[in-house]
Amino acid sequence: MKPLGWWLRHVHELLESSMARALEPESLTRRQWQVLNTIALGARTPAEIDVALAPFGSTSAQLAELRKRGWVAETGELTGEGRAAHARAEARVEEFRTSVTDGVSDDDYRTTIRTLERCAANLEPA
């Protein structure tokens, strides 16, 4: 049996590459998707976006690209084109998320998440 660390890294790499393929038709990176989705959920300023996505670092480059495409207005809201792109990408992301857990029961999923949360808590500095 392979150890936990091996599986975590393997699943992480598969998630990254599979998400990249799901977003490819919109020419979006995963980080750009996260910024686009964060704006769709109500963030309006670069600071609000950075707070929401703090674990990933600054989002200024991704935001600049979305503005360059005409998907984010100067007000910080999605434009009509941005809303349409978000809807298309969101459908792809939902399909991707569903495929990831295909065949995994709700109980098994919850157990997996609780186990990973416990492992993380065990490793975090006191």
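**Exercise 1.** Classify glutamate 16 by its relative accessibility.

*Solution.* Take the cut-offs: buried is under 20% relative accessible area, exposed over 50%, partly exposed in between (1.4 Å probe, protein chains only). Glutamate 16 has 24% relative accessibility, so this residue counts as partly exposed. The model is predicted: local features need pLDDT of at least 70, side-chain atom pairs count only at pLDDT 80 or more, and totals for chains, interfaces and linings use all residues. Residues are numbered from 1 along each chain as its sequence is written, and side-chain values use heavy atoms, without hydrogens and water.

**Exercise 2.** Find the salt-bridge partner of glutamate 16 and place both residues.

*Solution.* Apply the criterion: a side-chain nitrogen of Lys or Arg within 4 Å of a carboxyl oxygen of Asp or Glu. Arginine 30 meets it, with the closest N and O atoms 2.5 Å apart. Now place the pair. Glutamate 16 lies in helix 1 and arginine 30 in helix 2, 14 residues apart, so distant parts of the chain are linked. Helices here are DSSP runs (H or I, at least four residues), numbered from the N terminus. Arginine 30 is partly exposed, at 27% relative accessibility.

**Exercise 3.** Check the span of helix 1, then identify its buried face.

*Solution.* The expected span is 1.5 Å times one less than the number of residues. For the 20 residues of helix 1 (residues 4-23) that gives 28 Å; the end C-alpha atoms are 28 Å apart, which agrees. Next, list the buried residues: Met19, Ala22 and Leu23. They fall within an arc of 80° seen down the axis, so they line one face of the helix. The arc uses directions from the helix axis to the C-beta atoms. On the other side, Arg9 and Arg21 are exposed.

How values were computed:
Helix = DSSP H or I, 4+ residues; strand = E, 2+ residues; numbered from the N terminus.
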